[in-house]
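User: Hi! I've just opened this one and would like to go through it with you. Could you help me find my way around?

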Amino acid sequence: MSKSIWGYHPASGHQMGTDLIGFKVEATDGGIGKIDKHSDDVGAAHLVVDTGAWIFGKHVLLPAGIITRIDTAEKKVYVDRTKDEIKNAPEFDRDKHTGDPRYLEQLGKYYGHM
């Protein structure tokens, strides 16, 4: 599993301890939802995004390594993936996949090879 996909890039503006819950998430081609949960865990940092009506109220898990910028003033997080790339990622089931290393590996491979 690629460690870099699971860590915040230094240029993203991430500051440890910043509460990102409620921030809007912007893909390269538009908004995808709001952050419902985030983790700063070393080697597994990620966001859980509530997509609302965009993909039928589902949640998606995004590795921290795809974040390009965090704008705390605007309360927005920008990622370097398209809406379709996020929509086509391995499905995230909160009850089944939270903390599952196999799921994280599968997702890391998906996002790490783009």
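User: Let's start with the sheet: how many strands form it, and in what order?
Analyst: Happy to help! This is a predicted model, and in it six strands form an open sheet in the order 4-3-2-1-6-5, with mixed pairing.

User: Which strands stand at the edges?
Analyst: Those are strand 4 (59-63) and strand 5 (67-71). Each has a single partner strand, so one side of each is left without a neighbour in the sheet.

User: And what does the twist average from one strand to the next?
Analyst: The average is 35 degrees.

User: Staying at one edge, how many bridges join strand 5 to strand 6?
Analyst: Four, and the two strands run antiparallel. If you want a residue pair to look at, Ile-67 has Val-79 of strand 6 as its bridge partner.

User: Now strand 3. Is it largely enclosed or not, and why?
Analyst: Largely enclosed by the rest of the structure, because four of its five residues (46-50) are buried.

User: How does strand 3 pair with strand 2?
Analyst: Strand 2 (residues 30-39) and strand 3 pair in the antiparallel sense, over five bridges. Strand 3 and strand 4 also pair in the antiparallel sense over five bridges.

User: Which residues could I click on to follow that across?
Analyst: Try Val-49 in strand 3, which is the bridge partner of Ile-35. Val-49 also stands opposite Val-60 in strand 4.

User: What's in the hairpin of strand 2 and strand 3?
Analyst: There are six residues between the strands, and Gly-43 in this hairpin takes a positive phi near 80 degrees.

User: Switching to pockets: what volume does the largest one have?
Analyst: About 180 Å³. It is lined by 13 residues, and Lys-37, His-46, Leu-61, Thr-98 and Gly-99 lie nearest its centre.

User: Which elements give two or more residues to that lining?
Analyst: Strand 2, strand 3 and helix 2 do.

User: And what's the lining like by class?
Analyst: The largest pocket has five nonpolar, five polar and three charged residues in its lining.

User: Before I use any of this, what's the mean pLDDT of the chain?
Analyst: The mean is 89, and 94% of the residues reach 70 or more.

User: Which element has the lowest mean pLDDT, and which the highest?
Analyst: Helix 2 (residues 94-97) has the lowest at 87, while strand 6 (residues 76-79) has the highest at 98. As a general caution, predicted coordinates should not be read in detail where pLDDT is low.

Definitions and conventions. Residues numbered from 1 in each chain as written. Predicted model: local features only at pLDDT ≥ 70, side-chain atom pairs only at ≥ 80, totals over all residues. Heavy atoms only, no water. pLDDT = per-residue confidence, 0-100. Pairing = 2+ DSSP bridges. Axes fitted to C-alpha atoms, helices over the stretch in contact; angles between N-to-C directions. Buried < 20%, exposed > 50% of the residue type's maximum accessible area, 1.4 Å probe, protein only. 1 Å grid on protein atoms, 1.4 Å probe; cavity = no way out; pocket = protein on both sides within 12 Å on 5 of 7 lines; lining within 4 Å. Points joined across faces, edges and corners; volume = space filled by probe spheres on them. Nonpolar A, V, L, I, M, F, W, Y, C, P; charged D, E, K, R; others polar.
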